[in-house]
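The following exercises concern the fold, the nonpolar cores and the surface of one protein. Please examine the sequence and the structure before reading the solutions.

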Amino acid sequence: MRMSADKTFGDTLIYMYRLATFWLVLLLAVPSLVGAVENAGIVEGIWLSNPEPVENQPVRIYVAIHNTTSGDLEGTVHFRVNDQLLDTMRINALSGRIIESWADWVPTAGTSTLTVDLRRTELANTASGTQAVAVVQPLTERTIFIDTDTDGDTIGNQVDEDDDNDGMSDTDEAAAGRDPLVYNEPPAPEPPPATTTVATSTSEPATHMTTATTERTGLESLFEPSATHNTLARTTELITQVKTQLDRYRQQRTAETVATNSQEAATSTDKRSPDGTGSLLVGGLYSGLLATLSWLLGYPALVQLLLLITLLYTLYRVARAYGRRPD
């Protein structure tokens, strides 16, 4: 009986030893197990560089990874669009840090589902080395609508008031029975109304009545810039001014003559007096003289030549006169 009791007691000690060993191993393994649970993950949310993306316009997808462990976290971020792999990015986050990860995307029109997850994660700790860890939040997802952009102005059709960018709003095009998505050439601007010039009835052609400054140049065009050139240019300007004043006088005189003739015609009798015929003849000769002088002034070079010849002839006559005087 005593041997049986001793055997039972020994078995109890062995059982207690095994039980203590199990709990000791379990307690030693708890820190690593806890580290495998309280590791880093993706901060909830996916955001875009353009909050209202449109088709065919590049946009960047962003996520943030928070490392809440006591070691350095390494892993690979996977970006997917509609379950199709878009891009991957390797990250390395120090303990307690938040880092960004991104991928560039050219969206197409319609509804798209963006998913981001963190894979192949490892935790580096100087005390225990490198060990694989699982993420707290294995998947982040966002569904977004990508608007159509017909005219490519980065404004979606749902917001754009002129989808085809032809200068006519969608509302006006719909009211006119036109397709707001089809570009239409804007109408050509209407030409300005033509200006009508009323001719004034005069006794001479209108070309003789012009008061515009003549474009003909004088003898200064034959000389390089010099004192002679400047003198001739001032002479040409003086001739032009005289012509302008003469033409204005002729216009005024012609208008007065027309008014006088009209008044005389209204009050005259059947027989015209001889004095009236003489006055008309003198007036015609005077008008012809003024017209000839205006034509001559229209050629400054000719006037300057005549003045030069007159000046030389005058000097010649003066020299001859003084040369004949006795000593």
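**Exercises with worked solutions**

Among contacts (heavy atoms within 4.5 Å) in the protein between residues at least 6 apart in sequence, 61% join residues at least 24 apart. This is a predicted model, in which local features need pLDDT of at least 70 and side-chain atom pairs count only at pLDDT 80 or more, while totals for chains, interfaces and linings use all residues. Residues are numbered from 1 along each chain as its sequence is written, and side-chain values use heavy atoms, leaving out hydrogens and water.

**Exercise 1.** Determine the order of the elements, taken as DSSP runs numbered from the N terminus (helices: H or I, at least four residues; strands: E, at least two).

*Solution.* Count first: there are five helices and nine strands. Then read from the N terminus, which gives α-β-β-β-β-β-β-β-β-β-α-α-α-α.

**Exercise 2.** Locate the largest nonpolar core, a set of buried Ala, Val, Leu, Ile, Met, Phe, Trp, Tyr and Cys residues joined through side-chain atoms within 4.5 Å; buried means under 20% relative accessible area (1.4 Å probe, protein chains only).

*Solution.* The largest core has 20 residues, and those with the most contacts inside it include Val77, Phe79 and Trp105. Two or more residues come from each of strand 3 (59-66), strand 4 (72-81), strand 6 (98-105), strand 7 (110-125) and strand 9 (140-146). Apart from this core lies another, of five residues, among them Ile239, Leu246, Leu297 and Val303.

**Exercise 3.** Identify the partners of valine 77.

*Solution.* Setting aside residues up to four places away in sequence, Val77 touches Val63, Ile65, Asp87, Thr88, Met89, Ile91, Ser101, Val116, Asp117 and Leu118.

Definitions and conventions:
Buried means under 20% relative accessible area, exposed over 50%, partly exposed in between (1.4 Å probe, protein chains only).
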